[in-house]
Structures are given as C-alpha cells and as structure tokens.
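Trainee: Could you walk me through this one? I'll ask, and you reason it out.

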Amino acid sequence: MLIFEQSSTGRSNEAQIPDIDTKFDDIPAAFLRDESPGLPEVSEMQVVRHYTRLSQKNFSIDTQFYPLGSCTMKYNPRGCNSLALLPGFAQRHPLSPDNLSQGFLACMYDLQEILKDVTGMHGVSLAPMAGAQGEFAGVAMIRAYHDANNDTARTEILVPDAAHGTNPATATMCNYKVKEIPTDKEGDVDLEALRAAVGPQTAGIMLTNPSTLGVFERKIKEIATIVHEAGGLLYYDGANLNAILGKVKPGDMGFDVIHMNLHKTFSTPHGGGGPGAGPVGVSKRLLPYLPVPMVARQGDTYSVIDEDDLPTSMGRLSAFMGNAGVLIRAYVYARILGREGMHRVAEFATLNANYMMARLKQAGFDMAFKNRRATHEFILTLKKQYKELHVTAMDFAKRLLDYGYHAPTTYFPLLVPECFLIEPTETESQQELDGFVEAMIKIQKEAESSPETVTTAPHTLPVRRLDDVKAAKDLDLTWQ
Amino acid sequence: MPFIPHTEQEIKAMLEAIGVDSIEQLFDEIPAALRSKGLEKVPQGLSEMEVGRLMRERAAQDERALCFAGAGAYEHHIPAAVWELTTRGEFYSAYTPYQAEASQGTLQLLYEYQSMMASLTGMDVSNASLYDGASSLAEAVLMAVRANRKSKTKRILMPRTVHPHYRKVAHTITHHQGITFDELEYGREGGHIDITSLPKDPGDFTALVIPQPNFFGVLEDIDALTNWAHEHNALVIAVVNPMSLAILKPPGKWGEIGADIVCGDGQPMGAPLSSGGPYFGIMCCRKDYVRQMPGRIIGRTTDLDGKTGFALTLQAREQHIRRSKATSNICTNQGLLVTAATIYMSLMGPKGLSTTATASHNNTRQLISALDQVAGVRKLFNRPFFHEAVFKFDIPVNDVIDALSAQSIVAGVSLEHHYPELDNTLLVCVTETKTAQDISRYAESISRISAKVSASQQSAQPTMA
C-alpha cells in the first residue's frame, strides 16, 4: 500500500510542527498557492511502520551477499556514518566563515593528501559529486589543457569497447567524438587497433584498469607511450581501484587524470543509488585545471580555494563543496584502514575473487577469460546453459535472489554473451563465498532437471518478474 | 585486519583451492615495474575508538555556531525518525534497484517521492533526483535544448538573481555543447527582474530561467515572466526551493500554461546542512518532455501474476544503454537523500510543511523589524520576499561577519563578491529553528558592532578647526 492510501484528512504530527505564529499578510495572493500540495496526512508511527516495512523489501549489503560486479558492494562501516553525523559536521553551513570551519576543512585537506598518495597523482580535488561527474571533470580538464596549448585539432576521445557507458556519454558532454577500440581475445586492448586509431586528432583515451573484463591491462605502459607520443592524455576511470589499492598507483602507470569512486573503494554507502563522490586526481601538467573548491593549508590554518585563487580551473560542479558528508565518511574509513590497511583491501578482494572463480570453474562453469587471473572481479559466461538448456543469465540471476543472494551484474560488459560480472569484495568471508557457489551449483541442477523453476524465478520475493514493457508504454510515474 | 574476516587457516585453504602459494602470486600479471613503492602520506591505521576521538575533537571546533546564513542551504528541524529510518541498512547499503524484485522497498519509496515532488511543484512528472540544485539547473538547461525544437540558438536567458554558484555550474557543465547564457539585469529597487525592462525583441532563445524565490529571497513576477517567455517560443525553467512551495504558487501554475521544467535543491526537505552536501537535485517537467529528462525514473507496473510492482523505466534514455547518445552521463542519483526527503515530507504533511515555511518567513520578518531599530543597517529591496532578505550596512561587512563569528554566530552571506554593486550587504535567513532570543541576540550583536565601528570611524575623521 502506498503512503498516500493511508492518509486521513486532518491528521498531523504536532510534535514536529513549530509552535510559532504562522499568519502573514505581506505576500500578495498572486504569489501564493491556492490548494495544499498532495502530501500524505499520516501519523509519525504510520510513517515509521510504512518505511520500515518498505525497507524490508530490499536486498542490501547489510542483509545479503551482494556481488554486483564493478560496484564494489563491501561492508559500509557504521562508525563512518555516526562520526559523519556529529553535530559539528552535520550542522555546519557550507558558507560558514573559515574560523568556524577549521575542523571540517582539516578533514578535507587530509583526505586530499591521502588520495594523492594512494593514486600517485600531484593534486586532488574532492569536488565531483559522483563518478560520472568526476569523469566529466577529468575530460573537461583534458580539453582545457589542449585548449591552453591552442591544440584545437584534437576532437576525438578513444574508449575501449568494454568501457562503462558513462565514458562515451561523458566524452559527448565535452563535445568530443568517441572512437571505440576493440579488445583482443585475452581481454587486453588491441594494440594494433590502438596504433591505427591514434593521431593528431586524439585528445586522449579513457581506460579502466583493471578493465571491466575483470583482468589487469598488462600492456598499460605501451598504451601510455602510444597515446602520449600522439599528443593525447590518459584518463583513468577509477571504477576498479579497489583491485589495486596500495598495490599499483595509477600515476605510475602513466595516467594524467583519474577519478575515484569513494562509494566503491572507500566504502561510503551506495544509499539505494547515491550519493556517491568522485574526486579527481591529476598529474603536474593538469594541476591548473582542477575543479574548485579545494582546501589549502598554511601553517595550521585551512582555507578554501575557489575560482579567484585558480582562475584556470575547469570550473565549479556543485553549489557548495560537493558531497561533503560522503567525503567525511571516506576520510574516517581511510583513517581506520591506515597505511597498512590500504593494500590489504586489494589483496583480499583479489583473493576472494580468485577463490570464487576457482570454485566455480571446478563446479563446471565457464569463465570468459579462463587463462587469466581474476582481479577483484571476474566474468562467468552462461552461453552454454543458454544454448543447451535455454536458461539465460537473467534466469540464473533471478533464481539467485530466491537463494538469498543479490545477483551479480548481468549482461555487462556487452562483449561477453550471457555473462555475470562477479565481485565479492574483501569484506566477505569464505563461508559466504562457498554459500554462493553452492547456490549456483543447485541452480545448474535445476536448470537441467526442472528448467521452469529457474526461468520463472523469483518465487519468494514480494513480486515476481515485472512487466518492463508495460512500465515504459503505459507510463505511471505518479500517484493520482 | 579492519573489516576483513579471514583467518590464517581460511587464507591457506583458499590459496590451496586456487592453486597458488601466496596472495602475492595473484598479482603476477602486473608488471613488476608498476608495483607501488609504498605509501608515505597515509597515516597508520586507527581503531574506531581512536578515530572517534579525533573526529569528535574536530567536529567540536565547528560546533555551537548559531546560523543565520541561507543562500541555498537552509537549517530546518529534522524529525529524529527521518535519519533513524534512512540509515537502516536496507536503505543505506542497497544500490540502484537494477534487480527490481529485490528492491521493491527503494522503488516504491522513489515512486512516492516522484508523486510528492510532482504535486509540490504542480508538474506532471518528476525523476528520482539528480546531484544537487546547481547541477540540476545545468541538466535542465541541456534538457531544454533537447526539448525546444522551435529554437535553434542554444541561447539561455539567465537572470542575475539566480544563485551565482548555480550560474557558474550551469556554465561549467554545458558550455562545451555550444550553449550560451545571456544575463538579465535586475532592478536595484525591487531586487527582481523588472518585466518592463525585458527586451522588446529578444530574438530566438531556448529558455528563460526563473528563480522563485530568487537568490535575494525576493519574489519574481512569475506569471508575467512565464507568459513573456512562452510568447517568444521559449521554455521556462523554474528554479525553486521546495520548502517555499508549501505556500507559494507551484511552477505548474505560473502564467497561462505553467513552467516547462522545474529544478532546485531538495536540501530543505530533511537533509542536514553538512557543509554543502550530500543534498539532492529536483527535476520535474510536463509529460511531453519526460523522454528528454535525465536521471532515473520509476514506473508502476504489474508482475507475472498481475500484482502491482515498481521498476526503473524509460531506461533507453540512459548512458548504460545509449552510451554516447544518452540524455546525460548521469548514473547514480542521490537515493539516500531522497529517502530522507520522502520520509520528511510524509512526517510533516501539508500542514507541517506550510507551518515550517511560514514560521521561517515570520522569523525573518521578526529580524527585519528588530534590525529596523538599529542605526546604520537597512533592508534592501522593496518587493515581497520569502524567508530571506538583504541588509545593507554603513560599516564594512567583513567587520560584521568577523564580530559575529567571534561570538559563534554565522551572520549571513556577503554579496559583494558576486555582486560588486552590493557592497557591504549580507543575505540573511532565519528559519523556524531560531527563537525570539536568538533573533534579539543577533540584532544586539549587529547593533554593538555598528556602533563600535562607526564610533571609531568618526573619531578617525579629521576634525575641522
């Protein structure tokens, strides 16, 4: 039942309503609304009960193993949340004077320094509010750099065909043409195709390493040389930074600009689809173009850097200082992990992925790149099951829900047919991974003996498969 | 090992299953020359107790400030239930509801949010949110360019009464795509766009942006401006504060046919100030333009048994399907903040929301009356306003800000940085969270510093013999 359907005219929550004179006569009627907005009139208890019940219809990291590839669904420590909600942080107005902001600014400055170190970049701005905005900032900086050099013939961004959809969409937003580069059969970028594609029109290349195929791009140094020699810059999509945190610094691989997804690698909550945070890091030559605001330190005093201090900046991306509360959570996480904890993230994420891959292989499942090591994730293909049993990756995914596991990412990357992109993360125990493997084995058996159990799954959730065509055709987007 | 559950024994068993001797061996595809030489600036790890102490000390440095600043971020009471529920793990640690059957909680909540926001703005449809108010204006501009097929110029009329940071963000995000902004000047008496000052022959333009209330808190002539834009075949992009819509005319009813796209920041609906984020961006529009709208949209549908359910819809607009031809590169929204806002709006209801809005407005009027008695301060702009006002001082505004912040009062926001003509002015907002005592304390502090500085200015004057 919708919250609106529980509403009774005239019901209100007096405990939440200010007891202040509300009569006013200074705003003429032409500016006022003539009917109340259609908000529900429900009691506080009804609200608490309704949204508690709704929450129980969700799968989440706190309730289920959630191996959604490329999303790094690791445990979100509770301590990070409660410390970010301390009154001094939660109640600080974004335009407070610096002398009422030193505690907050110190955290932001420290986080900038930590991120510089783990990525090997020369400067970091925390401004972008999500990975996609970080990408935008990054590509806009590439454009600003070429423009500053009067190098206006560079009109193309290269993107491997396995890339996230945000990469080409971002390049378009920066008015670049997108040229796709194919992948070879071992999952690396096709170097011959890359050599043929670069030229004086190349502004840069956007790469994820490890790639979205779950493997480390081994020829990264050659790629960097090819692109740099052609005058282009290298963009690092930090979607998979969890796999190499503390082990390899993107700066050492030759990248000029990177973004990080703090909601992945630094374990801030995914929140049902945001908020994220997508800080960017740059090499020396891109320092003048970083987005504002940033935080500077002089002695023991912290201050905000804005457009006036950095007039060459690619600009401002949010009204204030990005998703500050998310940044605080990431900072707490980084301080708990510390120097020695950073590389353990990569190590145990990699151990878990390789262990799952080994066990699934042993159980007879096919891997997309069976000769490669898994990074923090790997791709399983159900092409055989589809061909022989007419059971799809989607069917397996839905049946996994019945077994109490969130499905891995399905049908991405598009290059691999009937695929699962599986990312267990470092915070899962061996027992949890074993449980998932057992469920896959059971579903395989069901697919062989009673395939309709799988093809009509899920059977135990609040709803069965939904009619997406109807949803898009008979648009019902608001309650009337 | 923080947050890593593995025991020595399990590590050994797992390595055996893989067929390697060490974790290190799993990284053997990475060229040795690329391996990190170690971290220098990352400090040693801390326990939760230690980091808790550090963070409490830092938070305490910024605490106790009595806040009279608004300028796009407003301190309102947030019922305890809002964040108690929002931080339930099932909301907090879920992701984008790709697996609809396992995400009905988030999906239904987003559908309820869309319904509430559409009703508040008086528009047909709402998306499930964007990043913040400023970036939602940028996305609204891009959307207007896609939606207005009659206009060929990608030219946007942008009043200077729109939040200066919003204008900057709109430029940053859209200028690569050839979009240009023509600034509209405001009247110095009213602090609003004077309808009689609009160009008689503005030429082709794609959209007019109308802020309500505007950055100064002043109310714009929304009906006349909306009609004027429509007469010139342009779309109207409304920038609103959702709290104000509890009492102000919703954009869907502006002028003859209403605004076309509505954006703004949802922060006043249950998001703490939190240094500027995370907040969330509002985006609503008329039905005809829904396929041009960016971001996630939730639809109500049925399952195989005909039972009602909710799912992401119109995904063909989005980057994961359309790639370089998508409406935007946006991927996530601000789901957690929308969760808070939906719970907030449910708890407050129409009465709670309108009481909060009017209580804030009346508190600001109280402050105006109090400052009316103080020499050397006067309110600028003679137009109707909502819960925020501009004051002009006879003394340097930085003296005011410094004197008040020494008493842990955030005095407001100085405007001269963005509006050189408004030197020594402060934009001040008093929400329902302030008491009569707070307002007196503010006015007394202003009175003291004004008297002190003007006295020292006078004593510094050369005296005529």
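Mentor: Sure, with a few terms up front: contact means heavy atoms within 4.5 Å, and helices (H or I, at least four residues) and strands (E, at least two) are DSSP runs, numbered from the N terminus. Residues are numbered from 1 along each chain as its sequence is written, while chains are lettered from A and ligands numbered from 1 in the order in which they are written. This is a predicted model, in which local features need pLDDT of at least 70, side-chain atom pairs count only at pLDDT 80 or more, and totals for chains, interfaces and linings use all residues; side-chain values use heavy atoms and leave out hydrogens and water.

Trainee: What is the radius of gyration of chain A?

Mentor: Chain A has 16 helices and 13 strands. For its 480 residues the globule rule (2.2 Å times the number of residues to the power 0.38) gives 23 Å. The radius of gyration, taken over C-alpha atoms, is close to that, so chain A is as compact as a globular protein of that length. The value is 25 Å.

Trainee: And what share of the residues in chain A is buried?

Mentor: The C-alpha atoms of chain A fill a box of roughly 75 × 65 × 45 Å along the principal axes. Buried means under 20% relative accessible area, exposed over 50%, and partly exposed in between (1.4 Å probe, protein chains only). With that cut-off, the buried share of the 480 residues is 68%.

Trainee: Over to chain B: what share of its contacts with a separation of 6 or more comes from residues 24 or more positions apart?

Mentor: Chain B comes to 12 helices and 15 strands, and its C-alpha trace spans about 100 × 55 × 50 Å along the principal axes. Of its 465 residues, 66% are buried. Those widely spaced pairs account for 75%.

Trainee: What area is buried between chain B and chain A?

Mentor: The contact takes 185 residues from chain B and 199 residues from chain A. In chain B, B:Phe3, B:Glu101 and B:Arg323 lose the most area to chain A, together 5% of what that side buries. Buried area is the accessible area (1.4 Å probe) that two parts lose on being put together, summed over both. Carbon and sulfur atoms give 62% of it, and the total is about 16,700 Å².

Trainee: Which helix of chain B is covered in part by α12?

Mentor: Look at residues 397-406 of chain B, where B:Val397, B:Val400, B:Ile401, B:Ala403, B:Leu404 and B:Ser405 are buried. The cover over these residues includes β12 (388-393), β13 (409-410), β14 (413-414), β15 (425-429) and α12 (436-460) of chain B. The helix they cover is α11(B).

Trainee: Is B:Ser405 buried or exposed?

Mentor: B:Ser405 sits in helix α11 of chain B. Leaving aside residues up to four places away in sequence, B:Ser405 touches A:Pro97, A:Asn99 and A:Leu100. Its relative accessibility is 5%, so B:Ser405 counts as buried.

Trainee: Which residue just after α11(B) takes a positive phi?

Mentor: Most residues other than glycine have a negative phi, and most peptide bonds are trans. Just after α11(B), the phi is about 60 degrees at B:Ser408.

Trainee: What about B:Phe381: is it buried or exposed?

Mentor: B:Phe381 is in the loop between β11 (377-379) and β12 of chain B, and its phi is positive, near 70 degrees. At 8% relative accessibility, B:Phe381 counts as buried.

Trainee: How does B:Lys154 count, and what is its phi near?

Mentor: B:Lys154 lies in the loop between α6 (133-147) and β3 (155-159) of chain B. Its relative accessibility is 35%, so B:Lys154 counts as partly exposed. Its phi is positive, near 55 degrees.

Trainee: Which proline follows A:Val292 through a cis bond?

Mentor: One cis peptide bond runs from A:Asn209 to A:Pro210, with omega near 0 degrees, and A:Pro210 lies in the loop between β4 (202-208) and α8 of chain A. The proline you want is in the loop between β7 (280-282) and β8 (294-298) of chain A. The cis bond from A:Val292, with omega near 0 degrees, leads to A:Pro293.

Trainee: Last one: how far apart in space are A:Glu222 and A:Leu191?

Mentor: A:Glu222 lies in helix α8 (residues 220-229) of chain A. A:Glu222 is partly exposed, because its relative accessible area is 38%. A:Glu222 and A:Leu191 are 31 residues apart in sequence, and their C-alpha to C-alpha distance is 8.2 Å.
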